[in-house]
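I opened this notebook page to record what I looked up in the structure, entry by entry. My starting point is one residue and its surroundings, and from there I move on to other places.

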Amino acid sequence: MAKLFGLSGVTDFCPGAPIYTNHKESSLFLSLGSHVDVYFPPRKRSHISAPYVFCGETFEQKKQPSIEVLPDECLFEIFRRLPGAQERCASACVSKRWLSLVSNIRRHEIHSNKETQSSKGEAIVIGNEVKYEVEDQEVEGDGYLTRSLEGKKATDVRLAAIAVGTASRGGLGKLLIRGSNSIRKVTDVGLRAISRGCPSLRVLSLWNLSSVGDEGLFEIAKGCQMLEKLDLCHCPAITDKALLAIAKSCPNLMDLTIESCPNIGNEGLQAVGKCCPNLKSISIRDCPLVGDQGIAGLLSSATFVLTKVKLQGLNISDVSLAVIGHYGKAVTDLILIGLPNVTERGFWVLGNGQGLQKLKSFAVTSCQGVTDIGLEAIGKGCPNMKQFSLRKCAFLSDNGLVSFAKASMSLESLQLEECHRITQIGFFGTLLTCGSKLKALSLANCFGIKDQSLGMPQLSSCKSLRSLTIRNCPGFGDASLNVLSKMCPQLQHVELSGLQGITDAGLLPLIENSDAGLVKVNVSGCMNLTDKVVSSMTELHGWTLKVLNLDGCRKISDASLVAIADNCGLLSDLDVSKCAITDFGILTLAGCNQLNLQILSISGCAYVSDKSLPAFSKMGQTLLGLNLQHCNAISSGTIDFLVEQLWRCDILS
């Protein structure tokens, strides 16, 4: 052993003293680190891989010191004194323990004597120059730094990493958590890390998080007092206590959504109404504990601020609608869906409350309380309403619809869906009544429409109507279209989908009498239309037509594609799926230089084959979307070639 170290004897080794008596030779020593107890000359190669100490005539291995033996309190003090956010972020990468400690440092606990921040980014010294590192921030249109966790990625560890990592990027502004890891679920611990590391958080969305409870929201309320939007969906462990804490600590809250939270009720909503003076939007769905008291407390406190209200699947009664009708002085958008306990009286009081003077958009779905009397009261009590939508209202009849149309002073858009008591009389009566202001009318799945000749010799025109949608109303046919062609000469957007009773004789007058120029036409599912309709449409409106949907029109052939190629220079979206077109029609489209299609769908066209490959390649110069699904005559090799060649185009096959 003595030879190994070049020692003459025991007396030459003095623990705690230099090996060489000449202190000038100390420069020959190579430091192996602050934890090494014995030093060797640089010309000697050490064969010992761990620190040793000399005891008597033998060497014994000494346990290597480690920073991991320090308690959490000491590590915490070290981490909070690191000079910058990037250093703390790097430390958090060492282990989960370090990540947990770093993520629990609050902003005000950071020792900032040596830390200088810049709005440009993290400062870096290179030589004598100071440069700024520009971080690649993930932002949305509102300018927030955004992070989203879904499914297996949603864990407490990832939340802690987000809390630490976003600190050097100006702070997290928006966090969305969808679902949770089945093994390592998101819990209150993860939200605590967010609350301490992300004080600038403005938007928080929690979906399907059964393991997050009140404690997590308590932490958010403490640390994220700039919160402006909160979305809670399927969070069964969150109660009124958490909502109360948010309301008291987050006065800037403007948007609140609560869905399928069975333990949130009236107390939480009342607290939000009292403590959040900036609340502008509220959406409550499928919360069994929410009743009239909660809605009343919320609306009465936010009378002059709340603009958007959505209530769905709640056990509220006519009282809530009376409160909305009286206190909703700032409400511009109102949505009511599936309110079984609201009766005709509730809607009557809603309209007669005289509080909805600013209401512009109103949608009602699956509310049995909507009757003729209530609808007329709404028309009178909402003079500025421009958009109205009724879905699945079984007790509304023609009389109520026409009375509503007469009372509505500003109605521009009307949508009716699954209102089966509405007939031709109510439909055309509405057009006659709103002839000077109605711009869009939609009728969908209304089985009460029967195609009968009404015998109206002198009909006043509805010159304001620009958009007409008739979808899946089997009784709507040629007779109804003939009446429309006389009443609506300014149509530009026409959708007549799923109307198998329509033929060329019904649609041609509408096309010929349209003076404004058709821009979007959808006649999908109208199986009895032929090339004659398309030829007339392209000749009269080819200079304005941009979108044409002929999906399922089986009598449409290559002749229609020839007419389109000759006349439609502005057409950008064409759907001829399940039509009788062939390779010749596709080649015709490709050969037209004035045509600049961006979207082409030929799904289910059995007569289009590999021969159309050159045509597709040529059209690929402008195409952004190509649908080749169920085209059995096109081989997989052709599709593979197109996918490779048309790399800018999204190809469905």
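Entry 1, contacts of L431. In this predicted model, I looked up what L431 touches once neighbours within four places in sequence are set aside, and I found L438, L441, C462, L465, L484, M487 and C488.

Entry 2, the core. I then asked where L431 belongs, and I noted that L431 is among the residues with the most contacts inside the largest nonpolar core, together with F347, F362, F427, I602 and F616, in a core of 164 residues. The largest share of this core comes from helix α8, residues 240-249, which supplies five residues.

Entry 3, the cavity. I searched for enclosed space and found one cavity of 30 Å³ or more, and I wrote down about 40 Å³ as the space in the largest cavity. Its lining is made up of V494, L507, L510, I511, L518, V521, V523 and M537, and I sorted these residues into eight nonpolar, no polar and no charged. Helix α17, residues 504-512, gives the most to this lining, with three residues.

Entry 4, M527. I located M527 in the loop between β19 (520-522) and α18 (531-541). Is M527 buried or exposed? I entered M527 as partly exposed, because its relative accessibility is 27%, and the limits for that class are 20% and 50%. Leaving out residues up to four places away in sequence, I listed Q500, G552, R554 and K555 as touching M527. I also noted that L550 is 23 residues from M527 along the chain, with 9.4 Å between the C-alpha atoms of the two.

Methods. Residues are numbered from 1 along each chain as its sequence is written. This is a predicted model: local features need pLDDT of at least 70, side-chain atom pairs count only at pLDDT 80 or more; totals for chains, interfaces and linings use all residues. Side-chain values use heavy atoms; hydrogens and water are left out. A nonpolar core is a set of buried Ala, Val, Leu, Ile, Met, Phe, Trp, Tyr and Cys residues joined through side-chain atoms within 4.5 Å. Buried means under 20% relative accessible area, exposed over 50%, partly exposed in between (1.4 Å probe, protein chains only). Helices (H or I, at least four residues) and strands (E, at least two) are DSSP runs, numbered from the N terminus. Contact means heavy atoms within 4.5 Å. On a 1 Å grid over the protein atoms alone, a cavity is a set of points where a 1.4 Å probe fits but cannot get out, and a pocket is an open set with protein on both sides within 12 Å along at least five of seven lines; lining residues have an atom within 4 Å of a point. Grid points are joined across faces, edges and corners, and a volume is the space filled by probe spheres set on the points. Ala, Val, Leu, Ile, Met, Phe, Trp, Tyr, Cys and Pro count as nonpolar, Asp, Glu, Lys and Arg as charged, and the others, Gly among them, as polar.
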